[in-house]
Amino acid sequence: MKYCFLALFFMSQNLLAMHNPGKPFGQTPAGESVTLFTLKNAKGMEVHIMNYGGIIQKILTPDRTGKLEDVVLGFETLDEYIKDTPYFGAIVGRFGNRIAAGKFTLDGKEYTLAAQNNGQHLHGGLVGFDKKVWQVLEASDRSLSLSYISKDLEEGFPGNLSVKLTYTLSEENELGISYEATTDKATVLNLSNHSYFNLSGNAKRDILAHEVQINASRLVAVNKVLIPTGVLAPVAGTPFDFTKSHVVGDRINDTSSEQIVLGGGYDHCWALDKPFGSYAKIATVVEPVSGRKMVVSTDQPGVQFYTGNFLDGHLTGKYGVAYGKRFGLCLETEHFPDSPNQSAFPSTVLRPGDTYKTKTAYQFSIN
Ligand code: GLA
């Protein structure tokens, strides 16, 4: 009898944890089924996330009149995500951002990775975490936990890495993303979410009129293939100074700045001012017409602010919008690019016995 109660108790716990079954969202060419989950709070905010790439497909938030609209770029169907996407909404890993020439040495051993971006490694390789079907651990109306096991030497990275990812939607319209990982061999790791935000709602126009503020007085300066030179350059007096809020488009074409020319606009990692490892508010974005505001918090040391410079109109997304140049902006919280080759940067090495843990949140409100 006692055992019967115990069994019922565990079953009900399981049902509670799984009480959001999601909706079928198609299959990968390999025949793996993908599910789309909707997180929803009492305020009406919705976040749609699939277990393919951990992709955030939709975020519905109110404008100043209360109208719910979508504030991220993406597609209506799984097939479009599989065919061609510049990481819309995806989790990037095992190593988000770039590693010089796709090579690094760890504990005296050299590892070779895909060097698919201008001869450099980008976002985990040819089939990174953004293209994997993640296992669903738990899903409710307010949270979704996914896991992925990346095998030893997958995309060239050492160690069997076990990753857990949890998305949580709060009543304060905050979307939290927390990551945990362990490995059985020393490896390098840099996980981030690659959502393209456009707070105008349903991507009505480009992001050049968005106002951005970033709590960073230094920039991770890059060379012509966007690999860090090793210099953390002061932003004061440059188009990279967002310590006070600036309209994105105001200085984005200021070609007197070499870094602007190299990035084709903003495509750089800012070195955040907050104490290393501390969790704090690091950036604010405001879209003046809709009144939507987004505050980004993280415990990561950097944020890649990318203004969709490579979007060229060839992809048509949700609501039939062709995503032209600068139709979305990314704030990818992360460690600095090329950290495995830059001993002066904070370390991205994860060793057996240690647990990688990090958290980022995007909070939406009205300005
Ligand atoms: C990142 C990079 C950009 C670009 C996009 C994807 O954010 O920094 O240069 O590659 O991903 O298009």
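This passage walks through the overall build of the chain, one of its sheets, and its aromatic contacts.

The model is a predicted one. Starting with the big picture, the protein chain leans on strands, with 27 of them set against three helices. Its C-alpha atoms fit in a box of roughly 75 × 60 × 40 Å along the principal axes. For 367 residues, a compact globule would be expected to have a radius of gyration near 21 Å, and the 20 Å found for the protein chain agrees with that. Just over the halfway mark, 55% of the 367 residues count as buried. The contacts also reach far along the sequence: taking those between residues at least 6 apart, 67% join residues at least 24 apart.

Now to the sheet. Five strands line up in the order S19-S18-S21-S24-S25, making an open sheet with antiparallel pairing. The edges are held by S19 (228–234) and S25 (330–334); each has a single partner strand, so one side of each has no neighbour in the sheet. On average, neighbouring strands here are turned by 30° against each other, direction ignored. As general background, strands of a sheet pair through backbone hydrogen bonds, in either a parallel or an antiparallel way.

Strand S18 (residues 218–222) is a handy place to look at the pairing up close. With S19, strand S18 makes four bridges in the antiparallel sense. Arg218 has Pro234 of S19 as its bridge partner, while Val222 is bridged to Pro228 of S19. The two strands form a hairpin with five residues between them, and Leu226 in that turn has a positive phi of about 60°. S18 also pairs with S21, again antiparallel, over three bridges. Here Val220 sits opposite Cys269 of S21. How much of S18 is covered? Most of the strand is, with four of its five residues buried.

Next come the aromatic rings, which give a count of 22 aromatic pairs. One of them joins Phe240 and Trp270, a tilted pair at 5.6 Å centre to centre with 45° between the planes. This pair ties together distant parts of the chain, since Phe240 belongs to the loop between S19 and strand S20 (246–247), whereas Trp270 belongs to strand S21 (residues 267–271), 30 residues apart. Are these two rings buried or exposed? Phe240 counts as buried because its relative accessibility is 2%, and Trp270 counts as buried too, at 0%.

Another tilted pair is made by Tyr306 and Phe310, at 6.1 Å centre to centre and with 35° between the planes. The two residues sit in contrasting surroundings: Tyr306 has a relative accessibility of 6% and therefore counts as buried, but Phe310 is exposed, with a relative accessible area of 57%. Both residues also belong to a cluster linked by ring pairs, which takes in Phe75, Tyr81, Phe88, Tyr196 and Tyr323 as well. Finally, a ring also meets a charged side chain: Arg251 lies over the face of Phe242, at 4.8 Å from the ring centre.

Conventions: Residues numbered from 1 in each chain as written. Predicted model: local features only at pLDDT ≥ 70, side-chain atom pairs only at ≥ 80, totals over all residues. Heavy atoms only, no water. Pairing = 2+ DSSP bridges. Axes fitted to C-alpha atoms, helices over the stretch in contact; angles between N-to-C directions. Phe/Tyr/Trp six-rings, centres within 6.5 Å; stacked < 30°, edge-to-face > 60°. Buried < 20%, exposed > 50% of the residue type's maximum accessible area, 1.4 Å probe, protein only. Lys NZ or Arg CZ within 6 Å of the ring centre and 35° of its normal. Rg over C-alpha atoms; globule rule 2.2 N^0.38 Å. Contact = heavy atoms within 4.5 Å.
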